[in-house]
Each structure stands twice: as C-alpha cells, then as structure tokens.
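Me: I should like a close look at one part of this protein, the backbone at a residue with an unusual conformation. Please then set that part in the context of the rest of the model.

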Amino acid sequence: MKAMKEETAEIKQIHDDKDLICGLCKRCDNIPEKYGEKITLQQHKLTVHYFCLLMSSGICQRGEEDEDVHGFLVEDIKKEIRRSSRLRCMKCKKVGASVGCSIKSCRQMVHMPCGLEKEFIFQFTGLFPSFCKKHAPSQSCVSSPGLPLSCSVCLEPIESVLSYNVLKCPACHGSWFHRNCVQHYAHSAAMFFFKCTLCNNKDQFQQEMLRMGIYIPERDAAWELEENAYGDLLQMYQHCDAVKCHSHKGRKYSSQSGYFEIVRCKLCGSRGTHRKCSNLKLYESDWICADCKAAVEGKKSVPLPNHVESPLAIRQERKRLFKNISDLHSSLISKRQCVPATSPEVLMDLAHQISQQQSTEVLVEDDDGVMEAALRVLRQSDFNPCCTLSVKFSQDKHSNNIRNQRRFLRRLVSKLQMSEIFEGPDGSKNLALNSKALRDDLYFEVGSLLALSLVHGGPPVGFFSPALYHSLFNYPTNYRPALQDLGDTAFAHKIRQISEAKSMKELRMAMQSASQYLEAAGCWRKIRELSEKDMLVEDVLNFYLIIRLQLPLQRFREGLRTLGLFEQVQMCTEAFHSVFCGPVERLTAESVMKLFTVRFSEEKEQQEKENTTVHFWKKYLHECEEGRCAASLEDLLTFTTATDLAPSIGFHPTPSISFFSSPDPSCAFPQSHCDASHLFLPILPSYELFKKHLDYTVCQFSVMQDI
C-alpha cells in the first residue's frame with residue numbers, strides 16, 4: 001500500500017515548468033486563481049489545468065476523488081481532447097475549444113482562458129455551467145449610488161455601473177468589487193473566511209459570488225495553511241509582571257507548584273505573576289491582572305464564559321465541513337447538463353417541485369374575490385408553495401380542477417395588475433409607492449403570487465413596463481428610464497414640459513411649475529445652459545422610478561424568489577422579457593393551429609374524411625380571426641383548454657384533436673376534455689353544418705361560464 005502511494009505521488013505532480021502545455025486550452029500559464037492548478041501526469045505525458053477540465057462540455061467525473069486528476073479519468077480526458085480538436089474557438093479562431101455555452105440554442109465555443117477574455121461566466125457549483133456574454137447572469141442595482149465608490153478590496157475607484165468586471169454584495173448593496181479583486185480575495189480567504197468586507201454576510205454573499213462566476217476554493221484560508229503559522233499560540237505565557245519580583249531565579253522562572261509557580265490572568269492570559277509576588281495563597285489560582293481589573297472596575301466578580309471552543313475544535317469543525325462538501329462534490333455522476341433556453345423550459349423545470357400528492361385548497365366566492373382568496377391562502381402559516389392548488393368556486397357546480405385552476409390564475413393576474421402597488425397605463429405598469437402596502441408587506445405578497453401563477457401554469461404577466469423589468473433584472477443592461485415609463489400623469493406632464501423646453505425662459509417656467517417634485521427628488525438646482533435639461537430629466541426619472549422605490553423593489557424581488565423563479569429569470573432575462581412585459585401576443589388562426597396536434601385514424605378511408613374535417617377546421621379558424629363567426633378564437637381556446645391565453649409554461653399535455661362519426665349528423669356536436677386539452681370534432685358532410693355546430697357549442701359553453 002505504501003509503495004502504491006509513493007508511486008502515485010511520483011506520477012501526479014503540480015509543475016511550474018512553463019514549457020508544459022495544457023492539453024485542452026494549449027496554454028502554458030500557471031495561474032491557479034484563474035485556471036486552477038496545473039496538473040501533470042508524467043506517466044501519461046498529460047498536462048491540464050483543473051478549471052479547463054471542470055468547464056469542458058463533454059467530460060464527466062467518473063472516478064474517485066484521488067483517482068487520476070481529482071476523479072477525471074485519463075481515458076476520459078484524452079477523449080475530450082480529441083473531441084475538442086474538431087471545434088474552433090470563437091475568440092482565437094484555433095481548434096480545441098472544449099467549453100460551450102450551457103444554453104441549448106447557443107453555439108458559442110471557446111477555450112476556457114479565451115472564455116474569460118470574452119467575458120464568459122463559469123459557475124463553480126452544481127453542474128458547473130458556462131455562459132457566454134449574451135446569456136450570462138447579471139446583478140440588479142437597487143438604486144444608483146450617490147457617492148463615488150471604491151473597491152472594497154483594493155480601495156481604488158470603481159465605476160458605479162454593474163457589469164462583468166464590477167460586482168456588488170447582494171446583502172448590503174454597499175460593498176462593490178472589481179472582479180479580479182474579489183477573485184484574489186476568494187482564492188486567499190477560501191470557503192471558511194470568504195465573506196462581505198462590509199456587512200460580514202457569508203452565506204448569501206458566497207452564493208451570489210458563485211452565481212457570478214467567482215471560484216471559492218473548498219479549503220481553509222491560505223494563512224491557515226502556512227507551516228507553524230500559529231506556533232506562538234501554543235506557548236503559554238511565562239513571565240512575572242509584578243511590580244517587585246521576589247524570585248531569585250528571575251521573572252521567567254516558574255516552579256511546578258508552590259509560591260513561585262507563575263499564575264496567569266484568568267481573563268486575558270497574557271499577564272502573569274508568582275504567587276509570592278502578588279501575595280496569593282498556595283491554593284489560589286484565580287488572579288486578574290491590573291489591566292483587566294481596570295476594564296471591569298466596579299464589579300465584584302467577572303464571570304467567565306461557560307464554554308470556549310478550543311482552536312483544535314474549530315479546526316475539526318472546518319475539516320468536517322470540508323469533508324461534507326467534498327463528499328457532495330464527488331458524488332456528482334454527470335458533471336453538466338444544458339440549461340433550458342426558453343421560458344417554458346425554465347418554468348417546466350421549476351414545476352417539478354410541485355407535489356401532485358399534496359394540495360392546498362383555495363375557496364373562491366366569485367371572480368371578483370380571486371385576489372382576496374389568493375392572499376388568504378398565502379397568509380396561512382402552513383402554506384406550502386410546492387403543493388398543487390385545488391381551486392373551488394362557490395357558485396360553480398363543476399368540480400374540474402384543471403379548468404378551475406386555469407380560470408383562477410387567469411383572473412388572478414388580471415386582478416394583480418389593478419393592485420394598488422402598481423401605477424401607469426395598462427400593459428406598462430411601474431411600482432407605486434404606497435405606505436399602507438409597505439406596512440402590510442403587499443409588495444412581497446404580490447411578487448409571490450406572480451411567481452406562483454407562472455410556475456403553476458398561469459398566463460404571462462404581460463404588464464410590466466421596461467423600466468420595472470430593468471429595475472428588477474437589470475435587462476437590458478444599457479436601459480435608461482424614459483418619459484414614456486411615467487405614463488399619463490400630472491407629474492409626467494410637468495417633466496415632459498421640462499424636456500420639451502426650447503429656450504431658457506421656457507425651461508425656467510417649466511422648472512418652477514414642477515418645483516415641488518424637483519425639491520422632493522433633490523433635483524432642484526440652477527440651470528445655466530439649455531443642454532443641462534437632459535441630465536435634470538434623467539436624474540428626476542432615476543429618482544422617481546428607482547431610488548424612491550428601493551424598499552418596495554427589494555420586497556417585490558423577495559416575493560418573486562418563491563419557488564426559485566427570480567434566480568432563474570436572472571439567468572434567462574432575454575427569454576423572460578416577453579413573459580413579464582407587454583403586450584401579450586394576440587391569438588391568430590396560425591398560432592391556434594400550431595397549438596393543436598391532430599390525431600388521425602389508422603384506416604385510409606377514415607383518414608380521407610378526417611382530412612376534410614381538418615380543412616373545415618382551418619377555414620373556421622380564419623373566419624373566427626376575421627370576425628365572421630359567432631365565436632372568437634379566445635372562446636374556442638377556452639372551450640378546449642379552459643383558458644383564453646396560452647400559459648407561460650405551455651400546455652401539458654399539448655392540445656390535440658381527434659374525430660368521431662355519428663349516424664345522425666344533425667346531432668353531432670363538438671366535445672372537449674379540458675383536463676387533457678383535447679377537442680373532439682364531428683365528421684360532417686358540409687362546412688356550413690360544421691360551422692353551425694361549432695358556433696352553437698362554443699357560444700353555449702361561453703354563456704354557461706358567465707352564469
């Protein structure tokens with residue numbers, strides 16, 4: 001066994017030799033905090049950077065942690081090198097690109113070091129995903145910093161705009177970092193000591209830094225690993241500090257017992273005295289030095305802590321923590337998996353949390369009481385968002401849960417749009433500042449309900465303004481608040497007058513008219529040139545739409561974190577933009593046709609009749625779109641699926657059509673199965689009869705729904 005360990009130690013070495021080139025990235029750099037440790041297996045004549053292995057798209061960790069390169073087998077590494085040799089890097093245009101963006105539809109491939117230069121984000125957690133600049137996660141800013149910022153690590157000035165190279169603490173929002181600075185800090189402090197330099201938050205800070213591509217080593221801090229770094233702490237204080245020492249052998253002499261044994265201060269331990277020198281009795285061992293007496297003056301006794309953890313206990317706890325992390329890391333079977341690229345895929349992934357065995361009952365009086373019913377359920381102490389929603393309308397005789405749930409979520413989103421926490425025109429709402437809503441924590445609750453609706457199969461939100469979406473998710477990154485974000489309000493009218501002023505006289509008059517608003521925003525100032533009006537308007541918009549709404553935005557974000565939605569939207573901000581921001585796409589004949597899958601019979605003779613019915617169906621859809629039918633496309637979709645708008649998560653199962661024949665065509669009417677989103681169409685001899693029966697059935701259904 002010993003010989004095997006010695007042989008393994010000879011084979012696996014970390015080299016500083018600059019001539020050794022990584023087999024994956026073809027670079028010889030040895031910068032551990034950027035590329036990971038540079039590992040050479042001499043027996044196999046193989047050199048790789050550890051991070052190049054972790055981020056490679058086509059390799060899995062199949063071995064044990066101490067096998068080959070931290071569990072990556074030599075055979076697999078060579079296969080990955082061969083695979084990547086056919087792929088060209090988008091940065092350097094050379095072959096060997098082993099790292100790809102984890103978004104399915106993205107085809108960007110790079111070498112790992114080239115990815116860093118192209119602002120790729122590599123997440124050293126979970127399945128180790130990689131994201132190109134377009135799909136990379138971003139941070140959102142609660143407010144625009146008012147004072148010049150400096151990096152909390154290097155203390156050099158820092159641009160107050162969040163970007164790839166500028167990060168901030170998610171807990172206090174006041175600590176900002178250069179990416180390189182926080183990476184050096186993480187590499188030095190490691191997992192046990194890496195925390196915000198300002199607020200000392202560790203858990204939330206580490207999670208956010210990992211999300212933004214900062215590597216945090218799973219080890220103790222660098223200064224803890226230095227040999228004999230704390231050797232001085234193992235030495236006990238041996239010196240008599242009495243004013244007059246009576247020991248003939250000197251102040252450093254200490255007998256094992258008796259009057260000349262040195263007794264240390266029981267509070268600080270950094271002062272000592274011989275018993276003889278401080279008039280202590282032979283059995284006395286409690287002594288307090290003069291400095292500590294001064295600190296606790298006026299107290300008869302100074303209680304000691306009941307329990308003080310020793311340095312050894314602390315180190316053992318760290319080792320236990322690191323072992324758990326390593327066990328979790330080594331149990332990973334498949335190293336990576338593609339991140340969903342579209343909003344329905346993301347929502348479907350989140351929906352896997354929902355338990356079909358457990359349900360939460362939602363009792364609704366009528367459509368007007370939908371929001372009250374939702375808030376009542378949300379405020380229950382035992383509410384679990386992972387339970388299926390079992391919705392019952394008191395006036396509805398039907399017990400179809402799918403139909404009731406879709407109806408409930410459709411009405412809920414409409415009611416939330418009209419909530420007092422929003423203001424602005426329909427389809428482009430901003431957050432309003434409402435003190436009662438803040439006191440009742442309504443911002444959090446509405447955010448939570450929107451997240452629940454999307455994950456449980458509700459319709460698109462569709463009413464956020466671009467300014468609100470940017471404030472929440474920092475997308476687009478270069479977005480600037482505009483006048484149209486204010487809507488048609490008295491305040492917007494006054495600010496618009498400032499923006500449209502064509503002379504200094506008009507500008508002063510417009511500013512005087514809006515003086516109350518400008519003073520409240522801290523934007524009242526002297527304007528010497530007409531060109532300064534643009535900066536003034538930008539400052540006012542920034543205050544009105546972002547700065548004054550810091551707390552509402554924060555609570556609204558926390559609500560959107562329900563079921564993990566907020567974090568996933570941050571990963572795919574572009575894909576979710578159409579889900580949150582209007583307008584919602586109107587149904588067309590083509591879009592409805594694409595929703596349905598047609599199930600044909602196996603008999604050829606029957607298929608001919610069914611093809612004729614499909615032709616009738618398509619013609620009917622076009623006439624519905626043109627307004628030449630009694631029913632609308634929305635009525636038709638509601639008849640089949642119990643909702644007039646396709647859910648953001650998509651229909652599951654996919655809406656489908658099948659056919660049936662009847663001996664008496666005059667009695668053959670369409671039927672639907674809402675649970676399965678299935679439509680049964682009758683095979684009829686003429687289009688006129690087909691249209692008549694479909695109009696009658698759908699309209700009758702719509703009337704029954706309104707009763």
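Reply: In this predicted model, Leu155 counts as exposed, because its relative accessibility is 62% and the exposed class begins over 50%. The residue is found in the loop between β8 (149–150) and β9 (157–158). Its phi is near 65°, a positive value in a residue other than glycine. Such a value merits attention because most residues other than glycine have a negative phi.

A second leucine offers a useful comparison. Leu563 also has a positive phi, of about 60°, although it is not a glycine. This residue lies in the loop between α20 (550–560) and α21 (565–571). Its surroundings are described by the opposite term: Leu563 counts as buried because its relative accessibility is 8%, and buried means under 20%. Thus Leu155 is exposed, whereas Leu563 is buried.

The backbone has further features to examine at two prolines. A cis peptide bond joins Tyr475 and Pro476, with omega at about -10°. Pro476 is found in the loop between α15 (466–473) and α16 (490–500). Another cis peptide bond joins His652 and Pro653, and here omega is about 5°. Pro653 lies in the loop between α25 (633–641) and β19 (656–660). These bonds are noted because most peptide bonds are trans.

The loop that holds Pro476 leads to α16, and this helix packs with α17 (residues 504–513) at an angle of about 165°, their axes being 8 Å apart. Angles over 145 degrees count as roughly antiparallel, and α16 and α17 are therefore roughly antiparallel to each other. Their crossing is left-handed. On the α16 side, the contact is made by Lys494, Gln497, Ile498 and Glu500; on the α17 side, by Glu506, Leu507, Ala510, Met511 and Ser513. By class, the contact of α16 with α17 has four nonpolar, two polar and three charged residues.

As for the protein as a whole, it has 26 helices and 21 strands. Of its 707 residues, 46% count as buried; Leu563 is one that counts as buried. The accessible surface comes to about 37800 Å², and carbon and sulfur atoms account for 51% of that area. Among contacts between residues at least 6 apart in sequence, 62% join residues at least 24 apart.

Methods:
Residues numbered from 1 in each chain as written. Predicted model: local features only at pLDDT ≥ 70, side-chain atom pairs only at ≥ 80, totals over all residues. Heavy atoms only, no water. Helix = DSSP H or I, 4+ residues; strand = E, 2+ residues; numbered from the N terminus. Buried < 20%, exposed > 50% of the residue type's maximum accessible area, 1.4 Å probe, protein only. Axes fitted to C-alpha atoms, helices over the stretch in contact; angles between N-to-C directions. Parallel < 35°, antiparallel > 145°, perpendicular 65-115°, else oblique. Left-handed = near helix turned anticlockwise from the far one by under 90°. Contact = heavy atoms within 4.5 Å. Nonpolar A, V, L, I, M, F, W, Y, C, P; charged D, E, K, R; others polar. Areas by Shrake-Rupley, 256 points an atom, 1.4 Å probe, with all protein chains shown as cover.
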